[in-house]
Amino acid sequence: MATVTLKNAKKQFGAVEIIKGIDLSVADGEFCVFVGPSGCGKSTLLRMIAGLEDFTSGSLQIGGKEMAKVESADRGVAMVFQSYALYPHMTVKQNIGFGLKMTGHSLADIEGRTKRAADMLQLEPLLDRKPSQLSGGQRQRVAIGRAIVRNPEVFLFDEPLSNLDAALRVQMRIQIGKLHHDLKATMIYVTHDQVEAMTMADKIVVLHAGRIEQVGSPLELYHRPNNMFVAGFIGSPKMNFVNVEAGTGSSLKLPGGGTVKIDGMKAKLSGKLTLGIRPEHVELAKKTADANVSTVVRAAEYLGSETMFYVTLPDGTEAAVKADGLAKTQVGDTLLLHFPPKACHVFDPDGKTLHNGDLSK
Amino acid sequence: MFPRPIEKSAPWVGIAYKVFLPIALILWLLPLIGIAITSVRPASDLASGNYFGMPSGFAFVENYSSVFKNSNIGWYILNSFRVTIPTVIGAVALSCLTGYALAVYKFKSNLFVFFLFVAGNFVPFQILAIPVRDLTLKMGLYDTMTGLVLFHVAFQTGFCTLFMRNFMKALPFALIESARVEGVNEFKIFWHIVLPLVRPAMAALAVLIFTFIWNDYFWATVMAQSADVRPVTAGMNELKGQYKVAWELISAAAIVAALPPVAMFFLMQKHFIAGLTLGATKG
């Protein structure tokens, strides 16, 4: 078990800087998820921790020991690849024991550890099969088993669920969560799927263009995003952004002439700003008097438990609204929206957060 | 369904197909049929000018036994094996190593070295005949088995490297990375992961090189002189005789000499398991 600390980690491929100085500390036993859009450098960062990519500069400490220049094998990490990377010519049992056998572990030791991993992952009946005879989910479990037997200090997962279908993904998510609970090892997990990030992580690291945008617990990122990028990235469907202008005091002028008065606003507002509100926090207004803005429904998805409306604001901005499943509004109808002030976030023109709404009030 | 069955196309296509296919087949096989028939033709047929007509008798036993009696062909076939087998082993082993290095490692001159291997294939070996002969003479390798094997290995490694490198490059790189993270050293990765996965390529390459070297006539005549070294392709010359060319014997010898590569092909056949790596990665 170990902490992982990155200090000013940088990575360049030729003249292109992929990782632009990352400072991060992952506590012992923590489940840390790197999340970000494709090309943000999250996989590269994981591979740097694994020792598959060199550091251009900066330091990496695992369990307090400097590891940036140490061979991958001596870092005490185990990695699970997106493609599983099972050796096709070996049985499941051989796959799991291969690394141990090659590094000179005794047969009895390999046998014992394989059995323990197989028990944990219900691989027992599959031990004599070849990878080609396994389903996607089974292959994924073998790949995880191969990581477990090495008793690593840190587990590294590189988008391990992205090749699985939706139902299996949910199941494996729970299994990996349980594994983390049982092993109490430090785990670093890369994904582009923010649902995976939200459901599994103790700590989420949002990466964008080689930099950390924000680090925090899932709910922290959901409720108090530092900037527009994080606000838009965390949460599904994504947060609505509306162009507004500062009015008198702490009120904001919405498109179409309505206003919202933000409570507990500390910063002084001026000029053009952006208002952010999540689709699930927008309320439908019955009367014009209660509404902040009047919109036209462009598309509707009736999901039973809820209905998603995609609407157009008077200035052409598109927004999503999550309403209850009984809403009867049709495409082309007018929908009156109410923005509860305590759910509103305000961002300056650079995308920095000026104010986070507080739903607990 | 694709391709469309011939029965479903227009009648004239079907008829043309049935007429031209056998013609094409016979044309293609004609040299082989010619050799096979000549090899069982009695010597008198050839003496009387009956080269292409029906043989007047079936002289299979006479011709084939006299090939073995009148020449050292048995010895030459053994020589051919003594040249071919070490060359196949040497060229395939070397090219697995070079192929792995070029496919897996990133170093500055990687592509340059790779192109050198490829470019070597484009040098016509006829222009190398005299320099190579001089070189082997100076090194004391002229007219020796070692010399012949060494030069064959050197000339074949270029093509073999191209072949193995491209095959290894197509393996999922995550397999190698995964083993590296597990602490498996590079040679063990090569031996336990990469080699088993490129076995079909090694088998294909072995058959190809076996055929190339077995059928080589050029280097056999340039670099070998004595009967101790001469492989079967060059050795067959002995059957030419002093006053006349015994075509029936040469044909019979040619067929005998062609058997080992054919046997080799059928032996290695079962190793051409395509898609061994299927299921390695994606589900």
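**Two domains, two chains**

In this predicted model, chain B carries a domain assignment with two entries: domain 1 spans 6-68, and domain 2 spans 71-271. Take the C-alpha atoms of each and compare the centres. Domain 1 of chain B and domain 2 of chain B then sit 32 Å apart, centre to centre.

The two domains also touch. On one side, 12 residues of domain 1 of chain B take part; on the other, 14 residues of domain 2 of chain B. Which elements supply the domain 1 side with two or more residues each? Three helices of chain B do: H1 (11-38), H2 (43-47) and H3 (60-70). The top contributor is H3(B), with 5 residues on the side of domain 1 that touches domain 2. By class, that side of domain 1 of chain B holds 7 nonpolar residues, 4 polar ones and 1 charged one.

Now step out to the contact between the chains. Chain A puts in 25 residues, and chain B puts in 22 residues. Look at the chain A side. Strand S6 (77-80), helix H2 (92-102) and helix H4 (136-148) of chain A each bring at least two residues to the side that touches chain B. Which element gives the most there? S6(A) does, with 3 residues on the side of chain A that touches chain B. What is the make-up of that side by class? The side of chain A that touches chain B has 14 nonpolar, 9 polar and 2 charged residues.

To recap the leading elements: H3(B) gives the most to the domain 1 side of the contact within chain B, and S6(A) gives the most to the chain A side of the contact with chain B.

Key
Residues are numbered from 1 along each chain as its sequence is written. Chains are lettered from A and ligands numbered from 1 in the order in which they are written. This is a predicted model: local features need pLDDT of at least 70, side-chain atom pairs count only at pLDDT 80 or more; totals for chains, interfaces and linings use all residues. Domain bounds come from an automatic or database domain assignment. Two residues are in contact if their C-beta atoms, placed from the backbone, lie within 7 Å. Helices (H or I, at least four residues) and strands (E, at least two) are DSSP runs, numbered from the N terminus. Ala, Val, Leu, Ile, Met, Phe, Trp, Tyr, Cys and Pro count as nonpolar, Asp, Glu, Lys and Arg as charged, and the others, Gly among them, as polar.
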